[in-house]
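This report describes one protein model, beginning with a term that the later paragraphs rely on. Please keep the sequence and the structure in view while reading.

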Amino acid sequence: MLLALVLLGVAFLLFERFRGQIALANYKKELIARGEKLSPQDFVTKFDKADNGAPQVINAIERLQRGTVMPHNPPPRMRLVLSGRAIVGFREPVWVDKGTFREGKWVNETTTNHWAALAADLTTNQAVLAEIRAGLAKPVFNNQVDLREGMKMKLQHLAPLKSLAPWLGATSALALHEGKTQDALPPLLLQVQLPRTLAADHILISELVRIAIAAIAKESTWEALQADGWQDADLAQLQAAWQDQKFLTAMTHGLEGERVFGDVSAEMIRRSNENAISAIYGSREMFGDADDEAAWWMMWPGGESVVRFWRHQVYCRVWRFAWSHQEQRRYLEKMQELFEIAREAEQHKSYTKAAAALDGFAEGLVNRNFYAAWRFPGPEYPGMFPHAIKRAMRMETERSLTLTAIALQRHFIHHGNYPAELDALIPEFLSSVPVDYMDGQPIKYRLNGDGTFALYSVGDDGRDDGGDLSLQPEKTRLRVLWDRKDYVWPAPATPEEVAEYRRQAGRN
């Protein structure tokens, strides 16, 4: 009887293995027939190594010397106050931080930073920054990310490239503080163009870092537009730099690479029990699992060791044999579903239209029965990706607002006022009114009675509230513009708000 049960179990596992293998092979053939990219080779580009600025820039970034201010206490950028207006950072005589790095350690103490100290830090690193500029000027920037490495991939270039953005922003801010508007433009342009350094990576984490860098550059651009002395030709260059940035299309390409990364990783996991343990239980055991801590087996002597042995040496091995192909096919299916949502979002340029599909995608990952949980035990990696699409659409919206704000300033330089409507910017300053990626409609604009303007997106809810800066229901972060009913391009803080900001900074 026992032998019969064992044979039945083995037959069942064999059936599950063959079922998964056949389903996976057939689905891959279907995707390839559709023209989808499934091979790491599809993402390899040929270039002359001498044209590639990546090694030079990464090497130089690692040689930047920490100073009194940089890199941990850069000048403030577009520091929001409660009203939704913002402090112009380069106009501040000093800036205060509640902590700093000293001798390689974070120190929790209030630090007052001075522009002279920033100037000294930049002077110390002048030669290295010049080397970085030369590397960024090269025609190719390829970090040679190899998707064949799968879960063993090391993306050590991400942190250095992200850390470069504050250095460039600080260089621009110092020039603006000193009234040298023309000197502020070159580092600002480099900062806006910095996301291109990750464009060839074709993987999700790189796209998220690109968006983070672009968000910093947007704040630096806002700062620059508050300065006097710009010429139209200067702002035209800045506008062109922003026009070249793409985030939603790039995110779709990043997800394509992420699919290949996941597919390669699945093969690596199937070949190695250690890899399977790391994939299924790695984060749970590294950071602790609340469910495990409360489980009954933790109360028994040796219970944790028994469960660990069962998970690592029995279940993981059975899973690799019987169900790993099914997990791999499911991953590819869910990624394909996500691609189709992302491509629809590209077409309609509307988060409002994409939101229901993204929510449905996330819900479809959660509703699993007991047997499905055995077959698909790992963390739901595709479940993290809908938010990445939302972030890309937010950044596209911020790019639209930035392009429009630059065009408005160019109009002011030429005509001495802001236009009554955005159509007046066409074709002299814009080819068309930029799109609000939250609702798929043009960016919203209103000329105020005092000659200033309100420029905004409808925000996450897709509803035009007329530039309302009050918080959305259940949101509490007053200094996060996306938490407000509309995402409004900030006006400069009033003199009273600046005085209160400085008073609070001095108190802290």
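A residue is called buried when its relative accessible area is under 20%, exposed when it is over 50%, and partly exposed in between. Glu333, at 29% relative accessibility, therefore counts as partly exposed. The model under discussion is a predicted one.

**The protein as a whole**

The protein has 508 residues, of which 50% count as buried. Its secondary structure consists of 17 helices and 11 strands. The C-alpha trace spans about 90 × 50 × 50 Å along its principal axes. Among the contacts with a separation of 6 or more, 73% are made by residues 24 or more positions apart. The protein exposes about 24800 Å², and carbon and sulfur atoms supply 55% of this area. There are 60 positive and 64 negative charges, and the mean positions of these two sets are 5 Å apart.

**Helix α1**

Helix α1 covers residues 2–33 and contains 32 residues. At 1.5 Å a residue, this helix should span 46 Å; the C-alpha atoms at its ends are 47 Å apart, so the expected span and the distance in the model agree. Which residues of α1 are buried? They are Glu16, Gly20, Leu24, Tyr27 and Leu31. Just after α1 comes Gly35, which takes a positive phi of about 90°.

**Salt bridges**

Side chains of opposite charge can pair when their charged atoms come close. In this model, the count of salt bridges comes to 28. Three of the pairs are listed below.

| Pair | Closest N to O distance |
|---|---|
| Glu178 and Lys180 | 3.4 Å |
| Arg329 and Glu333 | 2.2 Å |
| Arg399 and Glu396 | 3.0 Å |

The pair of Glu178 and Lys180 may be considered first. Glu178 has a relative accessibility of 41% and so counts as partly exposed. Lys180 is also partly exposed, because its relative accessibility is 42%.

Arg329 and Glu333 belong to helix α13, which comprises residues 324–348. These two residues are four positions apart in the helix, so about one helical turn separates them. Arg329 has a relative accessible area of 23% and is therefore partly exposed; Glu333, as stated above, is partly exposed at 29%.

Arg399 and Glu396 both lie in helix α16, residues 385–415, where they are three residues apart, about one turn of the helix. Are these two residues buried or exposed? Arg399 counts as buried because its relative accessibility is 7%. Glu396, at 3% relative accessibility, is likewise buried. Elsewhere, Glu36, Glu256, Arg259 and Arg343 are joined into one network by salt bridges that share partners.

**Lys218 and its contacts**

Lys218 is located in helix α7, which runs over residues 204–225. With a relative accessibility of 6%, Lys218 counts as buried, because this value is under 20%. Which residues does Lys218 touch, not counting residues up to four places away in sequence? The residues are Met78, Trp242, Glu398, Thr402, Tyr487 and Trp489.

Methods: Residues are numbered from 1 along each chain as its sequence is written. This is a predicted model: local features need pLDDT of at least 70, side-chain atom pairs count only at pLDDT 80 or more; totals for chains, interfaces and linings use all residues. Side-chain values use heavy atoms; hydrogens and water are left out. The expected span of a helix is 1.5 Å times one less than its number of residues. Buried means under 20% relative accessible area, exposed over 50%, partly exposed in between (1.4 Å probe, protein chains only). Contact means heavy atoms within 4.5 Å. Accessible areas come from the Shrake-Rupley method with a 1.4 Å probe; for residues, only the protein chains shown count as cover. Lys and Arg count as positive and Asp and Glu as negative; His and the chain ends are not counted. The place of a charge is taken as NZ of Lys, CZ of Arg, CG of Asp or CD of Glu. A salt bridge is a side-chain nitrogen of Lys or Arg within 4 Å of a carboxyl oxygen of Asp or Glu.
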